[in-house]
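Opening the notebook for a quick look through this one. I want to jot down where a few residues sit and what they touch.

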Amino acid sequence: MSLSPFHLAIPVYDVALARAFYNDVFGLEEGRSSEQWVDFNFFGHQLVIHEQPKTPGQESAHTNPVDGHNVPVPHFGVILEWDEWEALAERLKARDTQFVIEPYIRFKGEVGEQATMFLLDPCGNALEFKAFKDMSQVFAK
């Protein structure tokens, strides 16, 4: 499957803190930047953190129930290959990352079985990283 990279701009109330998080935790390569924003190569996609005052959504996220867990809304992330997801989960656990939803297998034994985990960046943006055993089931019902 050939995909076009997406572009996503998210609000952060502390550019320096968010920059350090995306650099240190994920090792993302930086692109252009200014004092108010920074471009990152987010697993082949363009993620931009933009300075903005703290929003109510960054104080406490809304959640919806999915597979017995409270999934934060909004959230964004990326679908990784299974081994990449496992390596990232281990890296995050080794860093004593505080997860919103710990790494686990969702819909085990069902169509669309997937590995998933949720965490927050230091400015309250929710991220999800997932992987599918069978990538052809990403959009399966």
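Below are my entries, residue by residue.

Entry 1. I'm noting up front that this is a predicted model.

Entry 2. I went looking for charge on the surface and found a negative patch made by Glu 81, Asp 83, Glu 84 and Glu 86. I then checked where Glu 81 sits: it is in the loop between strand E7 (75-80) and helix H3 (82-94). Its relative accessible area comes out at 44%, so I've put Glu 81 down as partly exposed, since that class lies between the 20% and 50% cut-offs.

Entry 3. Next I pulled up Lys 130, which belongs to strand E10 (residues 126-132). Buried or exposed, I wondered about Lys 130? Lys 130 is buried, because its relative accessible area is 17% and the cut-off for buried is under 20%. I also looked up a partner for its side chain: a polar contact of 3.0 Å links Lys 130 to the side chain of Gln 114.

Entry 4. Asn 70 was next, and I located it in strand E6 (residues 69-73). Asn 70 has 51% relative accessibility, so I logged it as exposed; the class needs over 50%. I took one distance here: 18 Å between the C-alpha atoms of Asn 70 and Thr 97, which are 27 residues apart along the chain.

Entry 5. Last came Lys 108, in the loop between strand E8 (99-106) and strand E9 (114-120). I have Lys 108 as exposed, because its relative accessibility is 61%. From Lys 108 to Asn 41 I get 31 Å, C-alpha to C-alpha, with their positions 67 residues apart in sequence.

Technical notes:
Residues are numbered from 1 along each chain as its sequence is written. This is a predicted model: local features need pLDDT of at least 70, side-chain atom pairs count only at pLDDT 80 or more; totals for chains, interfaces and linings use all residues. Side-chain values use heavy atoms; hydrogens and water are left out. Patches are made of residues with over 30% relative accessible area and no salt bridge: like charges are joined within 9 Å, nonpolar side chains (Val, Leu, Ile, Met, Phe, Trp, Tyr) within 5 Å. Accessible areas come from the Shrake-Rupley method with a 1.4 Å probe; for residues, only the protein chains shown count as cover. A salt bridge is a side-chain nitrogen of Lys or Arg within 4 Å of a carboxyl oxygen of Asp or Glu. Lys and Arg count as positive and Asp and Glu as negative; His and the chain ends are not counted. The place of a charge is taken as NZ of Lys, CZ of Arg, CG of Asp or CD of Glu. Helices (H or I, at least four residues) and strands (E, at least two) are DSSP runs, numbered from the N terminus. Buried means under 20% relative accessible area, exposed over 50%, partly exposed in between (1.4 Å probe, protein chains only). A polar contact is a pair of N or O atoms within 3.5 Å; within protein, one must be able to donate a hydrogen and the other to accept it, and residues adjacent in sequence count only if both atoms are side-chain atoms.
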